[in-house]
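Welcome, and please open your viewer with the cartoon representation switched on. We will walk through a few selections together.

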Amino acid sequence: MAVRELSAIEARVLAVLVEKASTVPDSYPMSLNSLTLGVNQKTARDPVMNASESDVAAALDELKAMSLVNGVSGSRVARFEHNMKRVYGIPGQAEALLAVLMLRGPQTSAELRINCERLHRFADVSSVEGFLEELAAREPALALKLPKAPGAREARWGHLLSGEPEIPAGGSASPGASSSGSARDEEIAALRAEVEQLKAAVARIQAELGIA
């Protein structure tokens, strides 16, 4: 199925749905409120967004028109689920990679393996590269290997669901490209903070719905 290029907010909404389906399955499908919180999340996002509920609702309408998102009935609160694998015709491993690229921007294969951990656990970096190369070989391509930045040890990959990613002037490496222990510690701390934010969001949603 042919799908037009996604806007930045549409890509973020779709990616959040993919992410939360794996990381917080108890609150999936997602309400508009919880989805907006995920879109505007401060951790594990690049760039950080400040979208309103009306922005997210408009993006959902566009994604529904492309069959990338479905509304779920049977709940007092409108909820939404993604349909990414079927529409793009990709396996779950590729879906996880594209979602993380949409959430965090261009990354190396090693970074993607770490950042995809909660969506899909890849055995090694070569398996990540195998799926990325398959996405790049598709027609139209869904991923692209970017030119290696000056001084960078590895090339980064970007998704093509919103057109070609911008390459920073001077080819500077992406944030978080360091594989040092301190960078890994920062990643773990960010994930822990995200878990606490999600717990608070779920508690608030349960309180709004009167669920014990």
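At what angle do α1 and α2 pack, and how far apart are their axes? Select both helices, α1 at residues 8-23 and α2 at residues 32-39, in this predicted model. The angle is about 105°, and the axes lie 9 Å apart. Since angles of 65 to 115 degrees count as roughly perpendicular, α1 is therefore roughly perpendicular to α2.

**Stop 1: the contact of α1 with α2**

Now show side chains. On the α1 side, pick I9, R12, V13, V16, L17 and K20; they meet L35, G38 and V39 of α2. Colour this contact by class and you will find six nonpolar residues, one polar and two charged.

**Stop 2: from α2 to α3**

Keep α2 and add α3, residues 53-65. This pair packs at about 100°, again with axes 9 Å apart. That angle makes α2 roughly perpendicular to α3. For the contact, select L32, N33, L35, T36 and V39 in α2, together with E53, V56, A57 and L60 in α3. By class, the contact of α2 with α3 holds six nonpolar, two polar and one charged residues. L35 and V39 of α2 deserve a label: both take part in the contact with α1, and both are also listed in the contact with α3.

**Stop 3: α3 by itself**

Hide the rest for a moment. Helix α3 has 13 residues and spans 18 Å from its first C-alpha to its last, close to the 18 Å expected at 1.5 Å a residue. Which residues of α3 are buried? Select V56, A59, L60 and L63. Look down the axis of α3: these buried residues fall within an arc of 105°, so they line one face of the helix. Turn to the face away from that buried side and you meet the exposed residues S54 and A65.

Bring the surroundings back to see what covers the buried residues of α3: the cover includes α1, α2, β2 (69-72) and β3 (79-82). Then step past the end of the helix to S67, which follows α3 and has a positive phi, near 65°.

**Last stop: the whole protein**

Zoom out and colour by secondary structure. There are eight helices and six strands, and from the N terminus they run α-β-α-α-β-β-α-α-β-α-α-β-β-α. Of the 212 residues, 42% are buried. If you draw a contact map, take the contacts between residues at least 6 apart in sequence: 57% of them join residues at least 24 apart.

Key: Residues are numbered from 1 along each chain as its sequence is written. This is a predicted model: local features need pLDDT of at least 70, side-chain atom pairs count only at pLDDT 80 or more; totals for chains, interfaces and linings use all residues. Side-chain values use heavy atoms; hydrogens and water are left out. Helices (H or I, at least four residues) and strands (E, at least two) are DSSP runs, numbered from the N terminus. The expected span of a helix is 1.5 Å times one less than its number of residues. Buried means under 20% relative accessible area, exposed over 50%, partly exposed in between (1.4 Å probe, protein chains only). The arc is that of the directions from the helix axis to the C-beta atoms. Contact means heavy atoms within 4.5 Å. Axes are lines fitted to C-alpha atoms, for helices over the stretch in contact, and angles run from 0 to 180 degrees between N-to-C directions. Angles under 35 degrees count as roughly parallel, over 145 as roughly antiparallel, 65 to 115 as roughly perpendicular and the rest as oblique. Ala, Val, Leu, Ile, Met, Phe, Trp, Tyr, Cys and Pro count as nonpolar, Asp, Glu, Lys and Arg as charged, and the others, Gly among them, as polar.
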